[in-house]
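Open the model in your viewer and keep the selection tool at hand. Each stop below says what to select and what is there.

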Amino acid sequence: MNASGLVVEAEALTRRFGDFTAVDGVDLHVERGAVFGFLGPSGSGKTTVIRMLCGLLRPTGGTGRVAGFDIGREAERVRENIGYMSQKFSLYADLTVRENLEFYGGVYGLERERLAERIEEVLHRLELESRSHRLTAELPLGWKQRVALGAALLHQPPILFLDEPTSGVDPASQRLFWELLDDLTAGGTTIFITTHTMDEAERCGRVGVMYGGRLIANDTPERLRGSFAGVLYHAEAEPLLVALEVARSLPGVEDAVMCGSALHVTAVREEPERLRSGLEAGGLRVREVRRIAPTLEDVFVQLILRSAAGLIEAGREEVAE
Amino acid sequence: MKEFFDRLVAVAEAEVRYLTREPRTLLILLTQPLMMLVLYGYCVSFNLRHLPFAVWDQDRSETSRQFIGRLRSSGGGETFTLVGHFNDPRLAEDLLGSGTALFLLIIPPGFEERVSSGQPVRVQALFDGADPNTAGVAFGYLRDAVAAQNARLTLGGFERRASAATAAERGPAIGGVSFPTDSIQLRWRVFFNPSLDSTLFFIPGLIGVLMTFIAASMTATILVREKELGPMESLLTSPVGPAELVLGKMAPYVVVAGAIVLVTVLVAGFTFGIWPRGSALDLVSFSFLFLLGMLAMGMLISASAPSQQLALVAATFATLLPNMFLTGFAYPRSNMPEPLQWATLLMPGTHFITAIRGIFLKGVGWSVLWPQGLWMLLTTLLLLAGAIRRVGQQMQRGLE
């Protein structure tokens, strides 16, 4: 750990696989005790960044430091300071819950007594006591993930990397996870987590959005919401699919997306009447048009659409040249 | 009908893609027949060549040297190979016990004198009977070679006598040509397996071959399995080092493999009545050394193979075939082309088969088999180091 309190630093971190650039010049700085949320569609490079930071993958460009150690040259020191929970199932299916924890504790060099103590704590904290003698293979996914999280934090690492820990997990386990993560950060643990859900992203101190291998945004959830460009309307009209087409063609409308049984329409200026009359002129039954505050999801969608448009534009220019 | 072919083509196309995407599968499929052809072609031959023998020439005369020289050049110089001279009866057992020589010739003093005067002389041949087939065939060759020399001597003697008779102006009445008894008479003894029982010979070697295969295939799937099923990811982000991983994963299998050897030895003893003549300690120490190497080889395969299936195929391929064909388990190594013979010396199985046969059939131990032991130690260490290095490289690169 260095004087600035940064525990994860990346400068122009890049990873290529042949011709394909999975991660393209990512800069990251995460402070001690922070929860850093990593957002982005599948294939945007989130997991690749995490794998590089954990020393599972070598960067092909740029540098990274975790807990003050270089991820390329000092991967072993990095490993001593992190806990990693993979997206993939990474426990021994044929061992019981307790045996898995004993194994991972042993691998991290916990002493026998300390290990026994920690296992009890973790089992208790993750409400796994009643299942500790069950074979891991027999557990439902939510419980398996609890064991995996338990294994990752058994040795009390200062930094936890969690790659989609809650995907496919039941709400009860999800709630338990976040309570535990909040307690850990209160104790100074830094958490680096990838997620697909917006309410999880809202719980992070800082959110980085990945798209096409690039970090296209990196800020607090609040400031990200504030960065929304334009005015957002919630519009209910029927038929919905026609309404989507009509809304997109209206002047002053930047974009329109479906959101449940309604549309979220982004307009350049605040002119709700113009939007309503525009939709009605298209022969639609308009039930409601009201301005709403953008959620993180709206920001996320906008960021990605803009970024995608930018990439297409860049591609066109390249072709034109 | 067209739809039938369209679907058929789609299925075939997908399979071709799969095959070309994993070239290692294809490579194994292609090399398998080639390797078998070479192995069968070179090793499976019932004509024996280059049979190693050693000589104790107690006569040290022109004639005895000539006798040895003719043996060496018989069969166009291909049949026998002289591996050395000795002059101490205590060395005899070591030479046969270590497998350096298949048979020993002892030429008695006064050989030249008796041959030139046409008197019978006994040459002793001591055979290593551990491999009864080879010993039997070798004895046949030796008998023929000696008979050829006798014929030459007889013919020479007859001509000499005939010319002497002419000079003496007619000898005794000719009552037909009398062929004198053979001058060089072969007396032979078989060591280690006097009844030339082939089961006795095969069982210890079989234990060796099975050990190779079982040990290597036990560890071959370990690391690939973890890669396929997931735990490897967590292991790679933990502070576990490659040596800890390799040795830790191997340790339980050393015990399992040891138990398998024990059971095999007991079964061989009770069902075939074949018990080791040598000491149990020798058997245990040689087996341990060998098993360790084979388990390490399995780990090496495991660290390199892309899938569990392929790992198993590779383990079978790397152990069963070469050990059956190249180690002298079924076919004498002396028969193989020389470069191949040198190559077989690199294989730990070759030395283990020699050692386990020595311990079982000849009752020899470390004092005779130390070169085999030393080589096995070296190969075991190399395989271990290789496995650790390979795993280390994989850990460095992660699971790319």
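Accessible areas are worked out with the Shrake-Rupley method and a 1.4 Å probe. By that method, chain A of this predicted model has an accessible surface of about 14900 Å². Carbon and sulfur atoms account for 49% of that surface.

**Stop 1: chain A as a whole**

Select chain A and show it as a cartoon. Eleven helices and 14 strands make up its secondary structure. Along the principal axes, the C-alpha atoms fill a box of roughly 75 × 50 × 35 Å. Chain A has 321 residues, and 50% of them count as buried. Now consider contacts between residues at least 6 apart in the sequence of chain A: 68% of these join residues at least 24 apart. Colour the charged residues next. Chain A carries 36 positive and 48 negative charges, and the mean positions of the two sets are 1 Å apart.

**Stop 2: where chain B meets chain A**

Show both chains. How many residues does each chain bring to the contact? Chain B gives 20 and chain A gives 21. Together the two chains bury about 1800 Å², with 51% of this area on carbon and sulfur atoms. Select B:Glu233, B:Thr237 and B:Pro239: these supply 34% of the area that chain B buries against chain A, more than any other three residues.

Keep B:Glu233 selected and add A:Arg51. Their side chains form a salt bridge, with N to O at 2.5 Å. One salt bridge is found across this interface.

Next, select A:Ser90, in the loop between β6 (82–85) and α3 (97–107) of chain A. Is A:Ser90 buried or exposed? A:Ser90 counts as buried, because its relative accessibility is 7% and the cut-off for buried is under 20%. Beyond its neighbours within four places in sequence, A:Ser90 touches A:Tyr104 in its own chain, and B:Gly230, B:Pro231, B:Glu233 and B:Ser234 in chain B. B:Glu233 thus appears again at this stop, as a contact of A:Ser90.

**Stop 3: salt bridges**

Side chains of opposite charge can pair when their charged atoms come close. Over all chains, the count of salt bridges is 28.

Select A:Arg125 and A:Asp183, whose closest N and O atoms are 2.6 Å apart in a salt bridge. A:Arg125 belongs to helix α4 (residues 112–125) and A:Asp183 to helix α6 (residues 171–186), so the pair ties together parts that are 58 residues apart in sequence. A:Arg125 is partly exposed, at 28% relative accessibility. A:Asp183 is also partly exposed, at 43%.

In chain B, select B:Arg90 and B:Asp88. They form a salt bridge with closest N and O atoms 3.1 Å apart. B:Arg90 is exposed, with a relative accessible area of 67%. Back in chain A, select A:Glu236, A:Glu238, A:Arg285 and A:Arg287, which are joined into one network by salt bridges that share partners.

**Stop 4: from a cis bond to helix α9**

A:Glu238, part of that network, is joined to A:Pro239 by a cis peptide bond with omega of about -10 degrees. A:Pro239 is in the loop between β11 and α9 of chain A.

Move on to helix α9 (residues 240–249). Which of its residues are buried? They are A:Leu240, A:Ala243, A:Leu244, A:Val246 and A:Ala247. The elements that cover them include β11 (231–238), β12 (253–259), β13 (262–267) and α10 (272–281) of chain A.

**Stop 5: helix α11**

Select A:Ile304, which sits in helix α11 (residues 296–320) of chain A. A:Ile304 is buried, at 13% relative accessible area. Apart from neighbours within four places in sequence, A:Ile304 is in contact with A:Pro41, A:Tyr211 and A:Ile216. Add A:Arg291: from A:Ile304 it is 13 residues away in sequence and 22 Å away in space, C-alpha to C-alpha.

**Stop 6: two positive phi angles**

Select A:Ala67, in the loop between β4 (61–66) and β5 (69–70) of chain A. A:Ala67 is not a glycine, although its phi is positive, at about 55 degrees. A:Ala67 counts as buried, at 3% relative accessibility.

End with A:Glu164, in the loop between β7 (159–163) and α6 of chain A. A:Glu164 is likewise not a glycine, and has a positive phi of about 45 degrees. Its relative accessibility is 10%, so A:Glu164 counts as buried.

Technical notes. Residues are numbered from 1 along each chain as its sequence is written. Chains are lettered from A and ligands numbered from 1 in the order in which they are written. This is a predicted model: local features need pLDDT of at least 70, side-chain atom pairs count only at pLDDT 80 or more; totals for chains, interfaces and linings use all residues. Side-chain values use heavy atoms; hydrogens and water are left out. Helices (H or I, at least four residues) and strands (E, at least two) are DSSP runs, numbered from the N terminus. Buried means under 20% relative accessible area, exposed over 50%, partly exposed in between (1.4 Å probe, protein chains only). Contact means heavy atoms within 4.5 Å. Lys and Arg count as positive and Asp and Glu as negative; His and the chain ends are not counted. The place of a charge is taken as NZ of Lys, CZ of Arg, CG of Asp or CD of Glu. Buried area is the accessible area (1.4 Å probe) that two parts lose on being put together, summed over both. A salt bridge is a side-chain nitrogen of Lys or Arg within 4 Å of a carboxyl oxygen of Asp or Glu.
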